[in-house]
Amino acid sequence: MGLIVQKFGGTSVADAARLRHVAEIITDTYKAGNQVVAVLSAQGDTTDELIEKANEINPLASNREMDMLLSTGEQMSVALCAMAIEALGYPVISLTGWQAGMVTNTVSRNARIKKVDTERIETELNQKKIVIVTGFQGINRYDDITTLGRGGSDTSAVALAASLRADLCQIYTDVDGVYTADPRIVKDARKLDEVTYNEMLELATLGAQVLHNRSVEMAKKYNVKLEVLSSFTGHPGTKVKEVAKRMEKSYISSVAKNVNIARIALIGVPNEIGTSFKVFSLLAQNHINVDIILQGIGHEEGKDICFTVAQSDLEAASVLLREHQESIGFGRLETNSHIAKVSVVGAGMMNHPGVAATLFEALYDANININMISTSEIKISVLVDEKDAEKAVQVIHDKFFSMG
């Protein structure tokens with residue numbers, strides 16, 4: 001017996017049949033003697049459809065009104081799921097983010113959770129009810145509805161698990177765990193029984209679409225026990241924890257790719273102190289995140305600075321930099337949106353020299369050119385042409401995991 005938070009993604013609740021199946025998973029957990037709080041995403045492609053509806057009316061709609069609109073998707077999911085649980089004969093109540101006490105900052109469409117007031121949820125749990133909560137949303141100090149950005153339901157679930165001191169937070173999705181690579185790309189990818197918070201955080205940030213990176217950060221901070229599993233198979237999932245058990249030779253946990261990135265190059269930047277600060281503080285002030293950065297050795301025209309941003313930020317970043325070209329002093333700006341980032345992640349890399357050499361050998365043998373390189377203690381990332389991304393993942397996975 002314990003308190004379990006369960007999160008179900010959009011594919012898990014996409015239609016009536018799947019909603020009924022989710023209701024059965026929730027009630028089975030409840031029947032086992034547990035208190036259950038379930039967090040639901042909007043059904044299927046509902047969020048994308050709502051964005052399309054907004055664009056039909058006003059492509060320049062304010063973020064505040066977009067939050068008001070987008071939050072309705074999750075509200076529909078939790079009400080329907082509660083109805084399905086009612087039909088099974090169990091006590092249940094559905095709550096919106098604000099009813100569940102999810103208080104955020106005032107940043108529309110990408111809000112951050114400031115606190116969770118769990119009084120209402122605890123009252124309902126004490127009355128032996130199953131509690132179904134909208135993911136992805138909260139309320140700010142002005143009583144306006146806010147949304148947490150793509151993948152925000154994961155963060156909602158972990159925040160609730162942390163605040164309620166849950167015994168376990170289960171993230172149900174359309175895959176049955178974390179794999180050594182995307183099983184849709186690499187046929188012999190293997191499911192991991194366990195993975196560390198740090199590894200999962202890197203994978204989430206690098207494009208592995210299993211967990212929202214902010215949810216992993218929060219789980220690590222509050223030591224929330226996570227499990228990623230499928231709502232379709234019923235198989236055991238992958239546990240995310242501080243220390244993961246692994247065979248000694250498996251110092252790489254996974255290979256990931258991200259094609260939603262773009263590269264910006266500033267050519268002929270003045271070879272002066274403070275120039276890099278001008279560039280990256282300008283981007284930061286406009287909420288544009290930068291990932292890989294490479295600064296070249298100075299030449300007659302100055303120096304070159306290359307960096308990557310999310311594809312969705314490419315246009316805004318390019319316009320911003322061109323507007324400030326004179327004050328920064330660079331010669332010209334070049335962009336490339338046809339690139340991909342391929343990464344290997346593993347906590348064991350710290351104690352195993354030669355990982356980079358093995359990675360580069362795999363790409364060399366496959367005749368894949370590397371554009372940029374970034375490393376950390378548990379990660380090596382390379383930029384390659386987008387057309388080579390899937391091949392790169394396959395050959396790297398083969399190189400590291402072919403020995404079993």
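Buried residues (under 20% relative accessible area with a 1.4 Å probe, protein chains only) make up 51% of the 404 residues in the protein. This is a predicted model, in which local features need pLDDT of at least 70 and side-chain atom pairs count only at pLDDT 80 or more, while totals for chains, interfaces and linings use all residues. Residues are numbered from 1 along each chain as its sequence is written, and side-chain values use heavy atoms, leaving out hydrogens and water.

**Overall form**

- The radius of gyration, taken over C-alpha atoms, is 23 Å, which agrees with the value near 22 Å for a compact globule of 404 residues; the globule rule is 2.2 Å times the number of residues to the power 0.38.
- Along the principal axes, the C-alpha atoms fill a box of roughly 75 × 55 × 35 Å.
- Of the contacts (heavy atoms within 4.5 Å) with a separation of 6 or more, 76% join residues 24 or more positions apart.

**Secondary structure and one sheet**

- The protein has 12 helices and 20 strands, which are DSSP runs (helices H or I, at least four residues; strands E, at least two) numbered from the N terminus.
- One open sheet of 4 strands runs in the order β15-β16-β14-β17 with antiparallel pairing, where pairing requires at least two DSSP bridges between two strands.
- Its edge strands, β15 (293-295) and β17 (332-336), each pair on one side only.
- Strand β14 (residues 261-269) pairs with β17 over 5 bridges in the antiparallel sense, and Arg332 in β17 is the bridge partner of Ile267.
- Helix α8 (residues 275-285) packs on the sheet and touches β14, β15 and β16 (303-310).

Terms used:
Axes are lines fitted to C-alpha atoms, for helices over the stretch in contact, and angles run from 0 to 180 degrees between N-to-C directions. Buried means under 20% relative accessible area, exposed over 50%, partly exposed in between (1.4 Å probe, protein chains only).
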